[in-house]
Amino acid sequence: IAFAASNLSKMSQTFPTFPYHADAKKSFEENSEESCACCNKKRGYIYNGPMFGDFDEDPSICPWCIKDGSACERLGVKLVSDIKSGDDSEVLELSREFSKCTPGFYSWQESVWWAHCGEPAVYHGMGGKNQIETIGGEDGLAYFRGLAEEEFGEETEEEQDEFLSICGEDFDGTAYIFKCRKCGSCGGNIDFN
């Protein structure tokens, strides 16, 4: 009966939403039996994204303690390492909601959060040409085609599209896709394993 009650309490909790991370569940291990180092509860999810701080071993943290900021404040954890503006605007002071209440994401090199219009953009995940087009339309494709040319020497639109078509979560290269919360521009960066 205790096991059934434990599972019932996990199932009755709605996974929190994160305004800067569209698919945050991918940053958590599901069906975990670990207790959160912050609230000491077993909630079925434990963060498996990047963590920065002064600790020997990454603490186990549940999404609810990330959402309310208590994990960062109580445990001294930082979840996002770097932020880079995708336009000429200066990134303004980061909100608490972003700096203390947003799960990060792993990348193959160093994860860099893309910003636009003076604030962090929403992270939509890893992908290639199809995902970029779905999230950012033709403007998103134009942005990533520009990166393919600038960073990888793909000169024609055909070469750029072919390059982006072999990027994705299950490939050796991927685009980290973001969308601006203010203007809807799509951008990010491309990384190779």
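## Sheet, pockets and an aromatic pair

Three strands form an open sheet in the order β6-β7-β8, with antiparallel pairing. The model is a predicted one. The largest pocket has a volume of about 320 Å³, and the second largest holds about 150 Å³ of space. Helix α5 ties two of these topics together: α5 lies across the strands β6, β7 and β8, and α5 gives the largest share of the lining of the second largest pocket.

**The sheet**

- β6 (122–127) and β8 stand at the edges with a single partner strand each, so one side of each has no neighbour in the sheet.
- Neighbouring strands of this sheet are turned by 20° against each other on average, direction ignored.
- β7 covers residues 173–179 and pairs with β8 in the antiparallel sense. The pairing runs over seven bridges.
- Ala175 has Ile190 of β8 as its bridge partner.
- α5 runs at about 50° to β8.

**The largest pocket**

- Its volume is about 320 Å³.
- The lining counts 17 residues. Closest to the pocket centre are Lys26, Tyr123, Gly125, Met126 and Glu169.
- By class, the lining of the largest pocket has six nonpolar, eight polar and three charged residues.

**The second largest pocket**

- The space in this pocket is about 150 Å³.
- Lys84, Ser85, Gly86, Val112, Trp114 and Tyr143 are among the lining residues. The lining also includes Leu147, Glu150, Glu151, Gly188, Asn189 and Ile190.
- β3 (83–85), α5 (129–152) and β8 (186–192) are the elements that give two or more residues to this lining.
- α5 supplies four residues, the largest share.
- The lining of the second largest pocket divides into five nonpolar, four polar and three charged residues.
- Ile190 appears twice in this picture: Ile190 lines the second largest pocket, and Ile190 is the bridge partner of Ala175.

**Aromatic pairs**

- With ring centres required to lie within 6.5 Å, the count comes to 21 aromatic pairs.
- In one of them, the rings of Phe15 and Tyr45 have centres 4.8 Å apart. Their planes stand at 65°, over the 60 degrees that the class requires, so the pair is edge-to-face.
- This pair links distant parts of the chain, with the two residues 30 residues apart. Phe15 is in the loop between α1 (2–12) and β1 (28–30), while Tyr45 is in strand β2 (residues 45–47).

Key. Residues are numbered from 1 along each chain as its sequence is written. This is a predicted model: local features need pLDDT of at least 70, side-chain atom pairs count only at pLDDT 80 or more; totals for chains, interfaces and linings use all residues. Side-chain values use heavy atoms; hydrogens and water are left out. On a 1 Å grid over the protein atoms alone, a cavity is a set of points where a 1.4 Å probe fits but cannot get out, and a pocket is an open set with protein on both sides within 12 Å along at least five of seven lines; lining residues have an atom within 4 Å of a point. Grid points are joined across faces, edges and corners, and a volume is the space filled by probe spheres set on the points. Ala, Val, Leu, Ile, Met, Phe, Trp, Tyr, Cys and Pro count as nonpolar, Asp, Glu, Lys and Arg as charged, and the others, Gly among them, as polar. Two strands pair if DSSP finds at least two bridges between them. Axes are lines fitted to C-alpha atoms, for helices over the stretch in contact, and angles run from 0 to 180 degrees between N-to-C directions. Contact means heavy atoms within 4.5 Å. Rings of Phe, Tyr and Trp (its six-membered ring) pair if their centres lie within 6.5 Å; planes under 30 degrees apart count as stacked, over 60 as edge-to-face and the rest as tilted.
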